[in-house]
Structures are given as structure tokens and as C-alpha cells.
Amino acid sequence: MPDFDLAIRGGTLVTAADTVRADLGIRDGRIAAIAERIADATRTIDASGLLVLPGGIDSHVHIAQESGPGIVMADDFASATRAAAAGGNTCVMPFALQPRGSSLRAATQAYRALAEGQCHIDVAIHLIVSDPTPAVLGQELPALIAEGYTSFKVFMTYDDLVLNDRQLLDVFDLARGAGARVMVHAEGYDTIRYMAEKLERAGETRPYGHALSRPQLVEREAAHRAISHAELVDLPIVIVHVSGEQAMEQIAWARSRGLKIHAETCPQYLTLTAEDLKGRGADDPMAGAKYVCSPPPRDTASQEAIWRGIQNGVFELVSSDHCPFRYDDARGKLNPRGQQSFRYVPNGLPGIETRLPILFSEGVSAGRISLNRFVELTATNHAKLYGLYPRKGSIGIGFDADLTLWDPNRRETIRQDNLHHGSDYTPWEGFSVTGWPVTTIARGTVVAEDGRVIGDLGHGQVLDRTIDPALRPTG
Ligand code: DUC
Ligand code: ZN
Ligand code: ZN
């Protein structure tokens, strides 16, 4: 009987630390050997000329999430994980959202039931806490954290999700005691409302109004407030989807004072601008809705600033914030209320399949970041920050055999027609990239090959996590 189920031969292995020419031997879904040459395997994949990367981990995606009256998210678990696998990912982290007035546990169970048996690749679920009642803070959330839902997101805006400052402090305090990781959507509720109402009164209802209603200072102010709360409670937090130079400066300032503030950004803040919300010259007055996300994309100066933050370490994570809606759909971007005002256009873009090629092309191929930094930003740091390391996020003996064989020279043009998500458009239609995922291997099984998803639905598992010892309070 051969020593290994699968050998990957002739490739160049890349981790966050090293780039080496070596073969991999995989047994029972895990990496069992790294050697100069591995010959004895049931199946061999020739990776000559390819990079062998840890599979992408996208720690910020929204799948089948409740999105308000009459609005439906474009992806379920099957389509989202299909698209993720085709895009070189082996694990994604979506959110179970607690609708206000409901039990967090019930929402989590319902959400997990949607995922079980419906995933091509592994998923690990974060929570969204929208209603921190005494029962949630006293019982539900601590119990869920102990059961393996070790991270949750809170919002500083949106009518149905916003937490006030006291609530933020209370959930931060709970997270500190329980050893949970908190992700913060930092945009100020009242400043956005003030701006949105003023714009509407002035007749500005176009999708572009969305960008005008959320200038950088809205994000800067909320980031500073979240940082202050985190300092008061002594809790490391993750500020997610940082879009602009001003919020980034707050994070760099906090770090310079020794605070543990982690930061995530997304491809949209490196490649899109607020001008896109004007619709890129299309006759259709709603076309800009395709680019409505929160925070909104900024300008080219801000893109350059975010690249600097990626280069100098302010950002540890690049996620997609995949939040897909269909465009030509009354339950999506073109819902009737959304056509009356930008305020009702659902916020979010599809990006689960395009995150890695865009960052590789604009980052590695364009000479802005190293291969090792790419791996760190797209896999290793996600595993480390969210309790999946050392099972996932790198290439080493005992790690899950979650791998992406990557052709660094392949040129492709992103086209909706070739993507696998449930949305009916991509914001990157026609975007040219150099570097492309050729084969995705999840726990030792080939799940996607050359744009075809071939793995079984049900191969992906819903992962439980354990509390990161580094997050346990010391006193
Ligand atoms: N925040 C997200 O993280 N995703 C989409 C919409 C939003 O506001
Ligand atoms: Zn958010
Ligand atoms: Zn999001």
C-alpha cells in the first residue's frame, strides 16, 4: 500500500516565512511529509512551474444572511463555497446574525443547520451580536463562545444592528472575560443619518449619495471611538473593512501607543473608488448600485495609503467582505425602495472568488508585496487571529492539506460569465490579472480544477474552534 494518498510534486511551497522547492505527501487529509522527493502515493499531481500556497482563508464573508424586508442575499452555502473553492479558498468564515429581539442561540443553530452538508470547503462561523440583552450577555454568548463560536462582530451603525457606546463596552467586557475575538464595523450611526437626511433633502438620492453620506471622517470617528473603548476594557479588537487613510491613521496611532488593534482591508478599497458609484458611464441611473458597499470605496490617494498600510504591517488581513446581492432583481440592488434613494440599496459586493487573484496581481505581480506577505494576508493571519491555527493557515506536518496550486504567470480577465457565485454581476468585470488559482485542494481532496468545481457538496465541514490562549485574560 502506498505511503500517501496524494503526492504534490515539483512545486514551490510558499508559507508566510519561506519559499522552498519541495514535494508534499498527504495522508488522511493532512500533510504528512515534506521532502525533496515523494514517490510512493496513490495519486500524484504535477505542480511543476506552480506555487503551492496554503489555501485561502476568507475570514469575512456573508452567506445567506438576513438582509432586511424583501431583500435576499444572492448566495447560499452551496454557491458561496463553490465560488470560494474556484477562487483558491479552502475555508471561509461567515456570520450567524442575531435579529434584534431574538435569541442569539436560536439564530446560530438555524444558521448552522443551513450550512451542514451544503459546503464544498470548510466554514467556521462568527456571530453578529445585535441585541446584547442581559440573557445574551449573561448566558447565551458565554456559552456559545465556550462551544466554539469564539468570535463575533458588532456594528456601530445600521438601524437594526447598531450598538450604543454602553452596549459596546459591555460586549467588549464580556469578550475580554471569555477570551473571544471581537470584530468591529466602525462607521458612526448618527453622522451617517445626519448626512443621509441632508443629502435627501437636497435631492441627492442617486447611488452615489451613499458615498457622500459616509465620508472618511464617519469611519475615522467611529474607529477612534472603538479604539478608545477597547483601550478602556483592555481588549484587542479587529477593525474590519478599513476603507480609508483616515481610519487607518487611527489604527497606526493606537498601535504606536502599544494597543492591540488589528486591522482588515478588502480588494474594493484597493481597486474601486467612490466615482464607481456614479455608474461608470452607463445609461442606467442605478448602475452605481453595483458598487454600493459600506464603508464605500474612496479615491486613488486612499488606495495608495491602504497599500502602504499593507506594506508596513498596519493591515494583517485582506478579506473579501463578500456580501452578494443580485443587481437586476427587485429583491437585490434594484429593490423598489432602493430606486427611490441610496439609503435603501443593500450594502455589499460579491468578491469571494476574486479576492485572491486581485490581491496577487495588484500586490505580488505588481511588485508591491512579497509572496510570503500575500500568504500571510490571505491565509496565515486569518487562521491565527480566529483560532484555526495550527490546523489551518500554513504548510507544515500535521496541518490540514488545504492547498492552492497557483500559476503566477497566468493572465486572465475577470468575467461574470466565468464566476460561480449567485450574484448576476461582478464589480471587477473586465479587470485583468496576472496570477491565477489552478487547483484547490481541501483536506487532501481536489475540490476545484481549472475553473471547474468538482468536489462534493458536503465535503466542507462546519468547524468548531477553541479559545485562543493568548486571548484569555491574565488578571
Ligand atoms: N458590513 C459588512 O461587513 N458587510 C456588508 C455590509 C456592511 O455594512
Ligand atoms: Zn461591516
Ligand atoms: Zn461584512
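1. Let's start at the loop between β4 (23-27) and β5 (30-35), where D28 is found. In this predicted model, phi of D28 is near 50°, a positive value in a residue other than glycine. If you step through the backbone by eye, D28 is one to pause at for its positive phi.

2. Two cis peptide bonds come next. One joins S294 and P295, with omega at about -10°; P295 has its place in the loop between α9 (268-271) and α10 (300-312). Another cis peptide bond joins Y389 and P390, and here omega is about 10°. P390 is found in the loop between α13 (371-385) and β18.

3. S294 also takes us to the ligand, as it is among the residues around ligand 1. The others in that list are H60, H62, K153, Y158, H185, H241, D321, C323 and N347. By class, the shell around ligand 1 divides into two nonpolar, six polar and two charged residues. The space that ligand 1 takes is the largest pocket.

4. Which side chains come with a distance to ligand 1? Three histidines can be named: H60 has a polar side-chain atom 3.0 Å from an oxygen atom of ligand 1, H62 has a side-chain N or O atom 3.1 Å from a nitrogen atom of the ligand, and H241 has a side-chain N or O atom 3.2 Å from an oxygen atom of ligand 1. Taken alone, ligand 1 exposes 230 Å², and the protein buries 95% of that.

5. Now the sheets. Seven strands form an open sheet with mixed pairing, in the order β3-β2-β7-β18-β19-β20-β21. At its edges stand β3 (19-21) and β21 (452-453); each has a single partner strand, so one side of each is left without a neighbour in the sheet. Within this sheet, β18 (residues 403-413) and β19 (residues 432-442) run antiparallel and are joined by eight bridges. For a pair to look up on screen, take R411, whose bridge partner in β19 is T434.

6. A further open sheet has four strands in the order β8-β9-β11-β22, and its pairing is parallel. Its edge strands are β8 (56-58) and β22 (462-463), each pairing on one side only. Three bridges join β8 to β9 (residues 89-92), and these two strands run parallel. How is D58 placed in this pairing, and what is its bridge partner in β9? The partner is V92.

Key
Residues numbered from 1 in each chain as written. Chains lettered and ligands numbered in written order. Predicted model: local features only at pLDDT ≥ 70, side-chain atom pairs only at ≥ 80, totals over all residues. Heavy atoms only, no water. Near = heavy atom within 4 Å. Polar contact = N/O pair within 3.5 Å; in protein donor to acceptor, adjacent residues only side chain to side chain. Areas by Shrake-Rupley, 256 points an atom, 1.4 Å probe, with all protein chains shown as cover. 1 Å grid on protein atoms, 1.4 Å probe; cavity = no way out; pocket = protein on both sides within 12 Å on 5 of 7 lines; lining within 4 Å. Sits in = over half its atoms within 2 Å of the grid points. Nonpolar A, V, L, I, M, F, W, Y, C, P; charged D, E, K, R; others polar. Pairing = 2+ DSSP bridges.
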